[in-house]
Amino acid sequence: MESTDSKFTPEEMTAFLAEIFPQVKNDFIVDHLDGENVVMRMRITDSNLRPGGTVSGPSMFALADVAAYVATLARIGREALTVTTGCSMDFMRKPEAGKDLVAKARLLKLGKALSVTDILLFSEGSDKPVARASMTYSIPPKR
């Protein structure tokens, strides 16, 4: 049976994200990583808010997308060119402004060419999800 151990520690993955996506300025922090499950957060600032004092949909999408990317890379290693090929996202509640957004992601399937991840997003400190996403990633072929 294939190992589900992560190829990264949470700190190594956070550093890898900062290395390959310097434009995010460490806005994404990996709290937990075990090869199947990922818990990570996005620091919410005024730039993530939309009118009405809620976190914007594009910000929520970004966290879900990065969480799926992290879940996939945790298993396959440094494949920076792994890309999103599909997404379905449901917005359920208004996230709280002034609180980090937390993603709980679970890798459902890892194949040779695709991975599928389910993600729930929460306002920090709440157990009620604000959004749910399903992400499919394309994994580059081995050279």
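**Note on V102 and the sheet around it**

1. The residue taken as the starting point here, V102, belongs to strand β6, which covers residues 101-110. The model is a predicted one, and the remarks below should be read as remarks on that model.

2. Is V102 buried or exposed? Its relative accessible area is 9%. Because the limit for a buried residue is under 20%, V102 counts as buried.

3. Which residues surround V102, once its neighbours within four places in sequence are set aside? V102 is in contact with V39, M40, R41 and L63, and also with L120, L121, F122 and E124. A further relation concerns R43: this residue lies 59 residues from V102 along the chain, and the two C-alpha atoms are separated by 9.0 Å.

4. Strand β6 pairs with strand β7, residues 114-123, in the antiparallel sense, and the pairing extends over 9 bridges. Within this pair, A105 stands opposite I119 of β7. The two strands β6 and β7 form a hairpin, with 3 residues between them.

5. Strand β7 also pairs with strand β8, residues 129-138; this pairing is antiparallel and has 9 bridges. Two positions may serve the reader as markers. T117 stands opposite M135 in β8, and I119 stands opposite A133 in β8. I119 thus appears in both pairings, given that A105 stands opposite I119 in β7.

6. The connection from β7 to β8 is again described as a hairpin, here with 5 residues between the strands. G125 is located in this turn and has a positive phi of about 90°.

7. How are the strands ordered in the sheet? The sheet is open and has 6 strands, in the order β1-β2-β6-β7-β8-β5, with antiparallel pairing. The edges are formed by β1 (28-33) and β5 (83-91); each has a single partner strand, so one side of each is left without a neighbour in the sheet. From one strand to the next, the twist averages 20°.

8. A helix should be noted as well. Helix α1, residues 10-20, lies across β1 and β2 (37-42), and α1 runs at about 150° to β1.

9. To summarise for a first reading: V102 is a buried residue of strand β6, and β6 stands between β2 and β7 in the order of the open sheet.

Terms used: Residues are numbered from 1 along each chain as its sequence is written. This is a predicted model: local features need pLDDT of at least 70, side-chain atom pairs count only at pLDDT 80 or more; totals for chains, interfaces and linings use all residues. Side-chain values use heavy atoms; hydrogens and water are left out. Helices (H or I, at least four residues) and strands (E, at least two) are DSSP runs, numbered from the N terminus. Buried means under 20% relative accessible area, exposed over 50%, partly exposed in between (1.4 Å probe, protein chains only). Contact means heavy atoms within 4.5 Å. Two strands pair if DSSP finds at least two bridges between them. Axes are lines fitted to C-alpha atoms, for helices over the stretch in contact, and angles run from 0 to 180 degrees between N-to-C directions.
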